[in-house]
Structures are given as structure tokens and as C-alpha cells.
Amino acid sequence: MSTTGFNSQNGAGGGQAYANGPSQNPVALQQPPGVGYGMTHQAPYNLMQPKAPMPPGPGLYHSGPYQPVPPVSSYQSSPPVSSYQAPPGQPLLTRPPMGGPLPHTPPQSASPSPGPRMPPAQATPPPPAVSSNSYYPNAQQQQPPMAHAWQYGTAPPPMGAPPPMNTPSGGPVANHVNLPASSTAPPQSSTAYSSPPQGPVSHNATQPPGPGMPPTSLHGYTHPGTAPPPMNPMPPHTYQPGRPPYGPPPTGPPPTMKPAPPPTGPPMGSATPPPPKADGTMAGNGPQTPNTYNHVDNKMAGPPQSGPPGRQLGHYPSLPPGYQNTSAPPSSASPMHPPMPTATQPYTQAPQPYQQPSAGPGPAQLSPSLAALSLQSSTPEALRVVNLLQERNLLPPGPIPAPTPCLPQDLQKINCNPEVFRSTLTSIPQTQSLLNKAKLPLGLLLHPFKDLSQLPVVTSSTIVRCRSCRTYINPFVSFLDQRRWKCNLCYRVNDVPEEFMYNPVSRSYGEPHKRPEVQNATIEFIAPSEYMLRPPQPAVYLFVLDVSHNAVETGYLNMVCQSLLDNINALPGDSRTKIGFITFDSTIHFYNLQEGLSQPQMLIVSDIEDIFLPTPDSLLVNLSECKELVQDLLKSLPNLFEKTMETQSALGPALQAAFKLLSPTGGRMSVFQTQLPNLGVGALKSREDPNQRASAKDIQHLSPATDFYKKLALDCSGQQVAVDLFLLSAQYCDLASLGCISRYSAGSVYYYPSYHHAHNPAQVERFQKDLKRYLTRKIGFEAVMRIRCTKGLSIHTFHGNFFVRSTDLLSLPNVNPDAGFAVQMSIEENLLDMQVVSFQAALLYTSSKGERRIRVHTMCLPVVNSLSDIFAGADVQAITGLLASMAVDRSVSASLSDARDAMTNAAIDSLASYRQSVLTIQQPGLLAPACLRLFPLYILALLKQKAFRTGTSTRLDDRVFAMCQLKYQPLAYLMLMIHPALYRVDDLTDEGALNINERTIPQPRVQQLSVEKLSREGAFLMDAGMVIYLWVGRNCNPNFLTQVLGVPNYTAVPQNLYLLPELDTAESQRTRAFIGWLRDQRPFFPTLHVIRDESQLKANFMQNMIEDRTESALSYYEFLLHLQQQISK
Ligand SMILES: [Zn+2]
């Protein structure tokens, strides 16, 4: 039996092995004192400190010349302006050539890097069943997937890994136990960074902010309005007639009561939240129409934003339960779960309607009903025993919905949308030891700023929060009576503020349980001034553009400038929005865009060792006031460097300059880079050995070569600057080093390998579409996110792009709607008396219009005490997503082989546990509960994923980028990366099609990823998330060739076809509608590649045939046999 894997993540102490992942990144803790921000570095991140939201002190954010930069070793504070030597007033169009003619840099090649060598399709049929010892026909070759797995006993100590985030406190901290004291104290001012720790009881009731007291942190602050109990209790007769009265305060178990009848739809939100009303009413929902709110809520079950309804990825309200569509679920196959009356019910409908007793039970009476639920949670379908070696056709025909937590229907109806907030286990184990037994990871996956079609927005002077743990009031609290509510996270009884008694939606009084805050699991508040440390800053956008010869050669600059010109009025912001530009090659060029100039003025700073801002006040300008100058610049910029021969790249100094420019306000820095930076600080050397790309051994250089980018990113984070990196290069750029600039500043990385304006039209199209989305999508500034959970649970490791400010507070200088996050959890205290637990993510940000807003998501899950219930609630996709993030950390902190072993072991351990502890009657075969039947397939897919594969040629930057994506993508897109969807499309019909906006969208069935499923007579579409392949068989149906591709025969299919012709045929319309529909469902633009047998990209297509054997990796069947062998050891 394997001993090492991810199982350790479940343990609080045992989590160390995994907790060492670099995402913990408490870099401050590693730095020598005095290095860091303008203040002592230790202080800001000291866990004992109050959770000071970042903004620097008042002295640091007045706009003006650059403030002294901390003495980070790699750069110095700017020299006095008087030392400025460069000619400041060079006219824009007279830029002197910098440097003489230099060796011509080879232009970017349109041809992709040599793809991994793959055996031809016909050469890799899945092997027939082989005996358990026969799947190592070539021991050397077969080793990679697992041979090490079983030999390494304990994980090698992580090399150079930062300490786990919980190290400072000696282990995961139950945030509700330890944190409120230290973490929720209000930052008193900028000096809070270095002020001594607050006492445990310090702030809550005792420190209302006085006038002039600086605003405070998000979640750490006691809102004065919530504290005093109402002095004038409502007379009982105002209580809503017809509603069951709330019971007396419970004395025993925590309450689980949901007071109000829920609305009939899962709350969702909108990309364009209605404008807030100033009078404490529901914004945009018309206080004059009391029922509007409910109406809106009902509509929330509809499709998000522009996406079509129906088969959305994980769109749970309208999705058919996927698991019921699998082949022949013979309930009788499970001796444990003989057919029950509910056997035909899909799992998602398992909970019986929860009867709200009319007699008015208190929470105490509620308990028996909840207890009864555990009987229902072992629904036959989720736990149906599947012998994976026999049942091959496991994929549901369409996307797999998230499993529905086994909660009373009225609770579940208002529960958070799983697209936003999801747990790997929808039933939470009662104890850590039970969790350890299950060998499944416990964690949350979040997509907190997702574009939502409906989002209730509340403006209220009183944001009601728990006085003890600062939880926002939510649908899962219980009202003891009209005047008191009990927190569902820490169980403190709180008073209902007077203002909360009025319901702006119904315009009625005395119905606190009907307030929108208590009716919606996702809600947004307009934050009052206490939630600000400084006035909300304007939207500030700074573009940092590589203009070296290499960059100009790709032609990307044209695209960026044109896209900005096209979308300049759609940049999120208001009349205060600022914009600026920096270009760089071997020198740094600034652009004076001050109002009144007749044309933009270019200022060149050639002293890159000691970078400073030539005219600090005119480089970031008000967009609306200076729009013409900005447009002039964008029109002339591409021509300006047309003839450049400068090949060097001083990226580091350019980033330093950009940081100085943005420091006073914070904002977004968009960096475009096309080569390895080779000049000044942050210069890098190539570390990739092309001969090692196909190595079956450990992959080197997955961690950064220098800490320059990480340090600078942390400085950026401290000044509310996020850095987005667009990497466009055919050559190795050391993304492992460069990516740190985005990762720790909460930015994103975009990667366009081999971008070339003429040679790579598919890339050009993707870049254009991505830029449009990037420039126009919603953005939040100055953000922090805190995740809270019910007392007893503890969050201990975070995954995504951010800086962990304290144990549960993530610093997000920017937040965008396309970013996902994951966290790991452990169970610190037994949840013995609890029927349910809750999780709350609160994101405080400044909108592009300068409003402070708080978006709050709350999820409620049942607690169970049996292994079978835990397994029944397992969410295989969420588990896979979390494991992928964990494996990325493990690859960097330990080694790739270690990460691969751990993933394999995760499958082995959980299935072994299921076999030993859940199955009462042993049967032969590799057995899995139906809800985990795809687990081995997904693990195998991860092992073959670009990020983790071995033995297949993979460029280092491609691998590192895949790792970035695994940690950053929301789950829905992540799953397509891991396990693409394959469809046959040469015979599309309207049968079962969706009808969206009068378009008919065919719905072909998802096929297994095996060449077995391909047919030379057909055409197959593979949706791999970022890229879509359309493979055309050699003997493809001529009808498809003529009616869809517009070619007479197979040989006429162009080699590099990436656009389908718009033919006026039913076949063409169906195919294009289907592809368009797939694309519409994600925020980025997947490129389409039409490929045939001779295409270079065929290898990429074939590599996604996960179930097949390759030279270096097992087939799915072989993998199953291997798992079985390990389990039965
Ligand atoms: Zn509380």
C-alpha cells in the first residue's frame, strides 16, 4: 500500500509535506529584516498583527513624485531628480536609434516547437486486457507513470521551498478560535503595520472608529452600528403571521435553522450589478415594487450572463444530473445498497422535501429532521459500486454537474452556486480521523468574482456582521427571535440592529429574516467608509511594452495599440481613470501625455541601473482629459520602433519604473514581453536544455532563477499594484522566473508561444480576442479576500495568484472575473454536535467607478459521521482540481516525480479506503463508488497533462504555463484542460439540440478519449479548453468536406485552417453554432485548428487521447490494473 501521497494534506500536522508549496509564499518571513516595503518587512505580515489592509499610510498615497522605495537589495531608491541626465524633451518622432545595427534576430517562426513525438494513431490501440504483471513490457519506458511511486517512502524534504504558510503559527490555525483576536483588530492607521498585536478582545465592542480614525480593513473591523443591541425591542405582535415562530434559543447543538422560506433559485449575480440606491434599498430592483426582488431571485436560476442556458459547464440549476446517464446502473450490483424507492431518483434530487413544520419548531426540533437526512445521503447512485475494469463507458453524455449537497431542500435552494463556491466533499466529515480514513482531500474551490447574470446589491449604512468572528449575516444563520440571531460560524448570539428590522424589498417592518442578506448566498454590499483605508483610488492602467527588435518583428505592438484604440472607451472606469505607457528595449522610454501638449513627448532614460521617473506627474494622465494624446500615441507607437535594431531587453528596470509610477495609486500594470530579459536587474539566462524536454527523469528549473520578480511583486502587492504578464515568444523566456511577477501580485499570465502577426494567424486571433476581453472585463482594485468557516474547521493552504497576508486573508491588488482560487482545509475540532457547517468568502474591492464593495458568498454543507456518507458526497471534479493545484506545488517544492507519485497514490489510497471501509461484501475487480468512477481517469489525465507528463517532449515554458493555469483557472475550464471533451461532428443533427436566441445548437455526445472512438470516415471535435481541434479523417464523409469545410475532397483541406468558412448550408451552420456555443461559455478565446493526418498539430491532438497507451505512459486500462494491484497488496 502506498504510504505517501496527498493524504497528508488532510492532517493538520501532517499537512506539512504539502503545505510546503510555494503558494504559501510568506516571503516576508524569509527575508532579512529591513528588506521589503517601506517599513520593516516583518511587521506587516506578522501573524500577530492586526489584519491591516494594505494601503500604506497617508504619507504613501498622495500622488506625487515617487516615494522612496524600500532598500530591496536589487534596486535602489531613486536619485534626486537633479541627477537626471537623459534629455527629457525628445520629440516623440525623433527617437534616435539606440545602438548600431546588430545581428539580426531571427524572426519568430510560425512553426511550433517540435511537438512531442507520438506514435501514429493506429499504432497505439489500447492494449487488450493484460495480466497484472504484463504492463511493464518495457520497464524503462513504463517507469515514469508510477515506478517511482511505490518506492519512495517519504517525500524528500522540499528544496528551497518557502515555509508553509502555517509555519509562523506552528500549524494550521483554526481561524475562529485563534484569529479573531489577532486578526480582526482594526488597523489603526498606516502604522498598524508595525503596531503591537492587539489583545484578544480588543476591538470588537470597544473600538468604534472615532472620527478621523482611519478606515479599516475588510473583515477585521467592528462595525459600530452592529454593536449596540436595539434598545427598543419590537412588540411580539409585529411578528409575521403565518410563519412558524422561532424557537427558544437552543441550548445544545448549534442551530441549523433556516428561517425564511427560500426563494426558488440559487443566487447568482450579474456582470453589471444594478446601481446602488442610496436609501438602503435593493439596488436596481426597485424598492417601489416590493416583489421585484423575489422575482429577480427566481430568475437567478437562469443562465449566467451571455452564456446560453442548458449544458453549461457545471451550471447546476438546469443541468440534468450527469451520473444518472451512465450506462446501466444496476442497483442490484450493490449488495450494500439494494434498490430503494429512491433508486430512480438522481442523486441531485435525493433530499426529500423538507417539511417546515407548521407548528413552529425551534432549532431543537429541527435536529431530528436533519438527523434523518443521513439516511438519505447514501443515495444508491452516488455509491453504486462500479467495477472499473468492466465498465468502460463511464463518461456521461454531457458536462458533469456538481453534486448537490445533501441538505434540506429549503437550505439547498438558497445555497451558493457551485460555479462560485464548491467543496471537494459535499458532506463534511465529523472528525479529522474520519477524513484521514477516507483519504480524500478536503478543500474549497472558488471563483469569487465570476461574472454573474444577477447579483443582489445592497446599500445599507449597517452591514450586519457577527460581533465575535465578523461573519456577514447570511441565509444560514438562525434567528432566535426577531431581535437576536445566532452566528453560523462561531455560534455567538448577536443582536439584530434596528435598521435591519426594516425590509427595503417588501417595505415592511419586523421581518429581518426576509432581508436580502438572509435570502441570498451571494450578495454584494456597497461598503461604507469604515471599509476604506484611504479614499477609493481611481482605475489606473499602465502598459509596459517590449519594443525590442524581436518584439517589433512579431507585430504584436500593432495589435495591442489597435485593440486599445478600439476599446479605449470600454475600459472600466469613470472620469478619474488614469492611463500611462512605458516602452523598453535596452533603455526605458516614458511618454509625457500631459494635457496641453500638441503631441506625446517621449522621454528616454538610459540609466537602467538607477531607474527614476523623469516627469512623475505627467506620465499617468487622466484618460478622458488626455484621450486625444493617448490616441495619437497609440497610432504612432507601432511605427516608432519599426526600424529598431535593438535586441536587448531591460525588463527588470522597466518593471521598477512602472512600479514607481503606480505606487501612489496602485492599479493594473500590463506587461508585454517577447524574449528573455537580458539587461539590468532581473536579467535571466536560458536554463532550458532542449535535449531534456523529453526526459523521463525529474524536470529541472521549475522554480525561479532569481527572487527579483517575486520581491518586486510583493512590493507591488503592498502598493496595490497587480502585474499581468503577456508573454509572446518563440524562444525560452523562463516563465518560471517571470511568472512570479504576476503570481504574487495577483495578476495573470497570458502566453502566446510563437506569436507572429503573419505566420500564426490562429494565435493572432486568440490574442486579439483575449485582449478585448482583458481590456473590457470587470476589474476590482485594492482587494482583499477572506475565507471563514465554521468553528472547528481550519483553512491552511491557498492556491492561486495572490499574496497571503495572514492566515486567512489574501491580498489581491486586482481581482478579475476569470480568476479561480483553491484552499485546503483540515478539521481542527470534532464537529460532533453539528448537522451543518458553513463557509464564507468575502471579497472587498474598489470598483472601477471608485466604490468600495464587498461581495459575500456563503455555502452550507452537511456534516456526516460515516465513511460511506463522505464518499457519497465526493465531488470528483473538485477533488481533481484541488489535487492538480497541490501537485503543482509539490513539483516545485519537491520534484515532479514526487508530485506524480502523490497523485497516483491519491487514487490508490481513496479507492483502497473505499474497498476496506465502505464495501461490506468484497468482490473482485477495481471497485469505485459511482461518484468517484472518473477519479482514476482524471488522475491518469493529470499524469499525461503538459504540466506533469514525462517522457514526452515538452518545452519548459509550456510546462510552467500549464502549471500556472492549473492553479489559476476556475474549475470548469480547468477540467477541460485536464480531460478534454471529444465529439463526433460529421453527423450533427438537431436531435436533442438546444435552442438559444433562435440558434439551434446541436448536442453531440461526449466520446471517450481513445483512438478507438475515432473513425477515418468521420470528423471529430476536441475541446481542450484553450484550444479546439477539429480532426478530419482521411476518408471523411464527403458531405462534411463540402458542406462544412467547403473543399471538394480530403486532400484539399488546407494545412493551417483555423476558421470555418461561413457556408450557407445546414451542416455548416450546425457546426459553427456548436463551436460558437462552446466558445461562448468561457471568458477566453479557444483557437480552432482543423487538422488532418499530416498536420503538425496532430501530435497535440493525439496526446489528449488519454485512455491510450503511449511510448512513455500507460493506457487507462493498464493504469487501472496498476491501481488494482496496489490496492490489493
Ligand atoms: Zn460569529
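How are helices H16 and H17 oriented to each other, roughly parallel or roughly antiparallel? The legends below, all drawn from a predicted model, begin with this pair of helices.

**View A. The contact between helices H16 and H17 in the predicted model.** Helix H16 spans residues 651-662 and helix H17 spans residues 708-718, and their axes come within 11 Å while crossing at roughly 10°. Because angles under 35 degrees count as roughly parallel, H16 and H17 are therefore roughly parallel to each other. From H16 the contact draws on Leu651, Gly652, Leu655, Gln656 and Phe659, and from H17 on Phe708, Tyr709, Leu712, Asp715 and Cys716. Sorted by class, the residues of this contact comprise 7 nonpolar, 2 polar and 1 charged.

**View B. The contact between helices H23 and H24.** The axes of helix H23 (residues 896-918) and helix H24 (residues 935-944) come within 10 Å and cross at roughly 175°, which makes H23 roughly antiparallel to H24. On the H23 side the residues in contact are Arg900, Met903, Thr904, Ala906, Ala907, Ser910 and Leu911, and these meet Phe935, Pro936, Ile939, Leu942 and Leu943 of H24. By class, 9 nonpolar, 2 polar and 1 charged residues make up the contact of H23 with H24.

**View C. The zinc ion and its cysteine donors.** The protein donors are the SG atoms of Cys466, Cys469, Cys487 and Cys490, which lie 2.2 to 2.3 Å from the zinc ion. Around the zinc ion the 4 donor atoms subtend angles of 99 to 116°, and the arrangement is therefore tetrahedral. For four tetrahedral donors the ideal angle at a metal is 109.5 degrees. Along the chain, the donors of the zinc ion follow the spacing C-x2-C-x17-C-x2-C. Distant parts of the chain are linked by the pair of cysteine 469, in the loop between strand S5 (457-459) and strand S6 (478-481), and cysteine 487, in the loop between strand S7 (484-486) and strand S8 (493-495), the two being 18 residues apart.

**View D. The open sheet of strands S6, S7 and S8.** These 3 strands are arranged in the order S6-S7-S8 with antiparallel pairing, and the edge strands, S6 and S8, each pair on one side only. From one strand to the next the twist averages 35°. S6 and S7 run antiparallel and are joined by 3 bridges; phenylalanine 479 has tryptophan 485 in S7 as its bridge partner.

**View E. A mixed open sheet with helix H28 packed on it.** The sheet is formed by 5 strands in the order S31-S28-S32-S33-S34, and its pairing is mixed. Its edge strands are S31 (1006-1007) and S34 (1087-1091), each of which pairs on one side only. Helix H28 (residues 1066-1080) packs on this sheet, where it touches S28, S32, strand S33 (1027-1032) and S34, and the direction of H28 makes about 10° with that of S32. Within the sheet, strand S28 (residues 981-984) and strand S32 (residues 1019-1023) run antiparallel and are joined by 4 bridges, and tyrosine 983 has leucine 1021 in S32 as its bridge partner.

Definitions and conventions
Residues are numbered from 1 along each chain as its sequence is written. This is a predicted model: local features need pLDDT of at least 70, side-chain atom pairs count only at pLDDT 80 or more; totals for chains, interfaces and linings use all residues. Side-chain values use heavy atoms; hydrogens and water are left out. Two strands pair if DSSP finds at least two bridges between them. Contact means heavy atoms within 4.5 Å. Axes are lines fitted to C-alpha atoms, for helices over the stretch in contact, and angles run from 0 to 180 degrees between N-to-C directions. Angles under 35 degrees count as roughly parallel, over 145 as roughly antiparallel, 65 to 115 as roughly perpendicular and the rest as oblique. Ala, Val, Leu, Ile, Met, Phe, Trp, Tyr, Cys and Pro count as nonpolar, Asp, Glu, Lys and Arg as charged, and the others, Gly among them, as polar. Donors are N, O and S atoms within 2.8 Å of the metal (3.2 Å for Na, K and Ca); water is not among the atoms, so sites may look incomplete. Four donors count as tetrahedral if all angles lie between 85 and 135 degrees; four count as square planar and six as octahedral if opposite donors are over 155 degrees apart and all others between 65 and 115; anything else is irregular.
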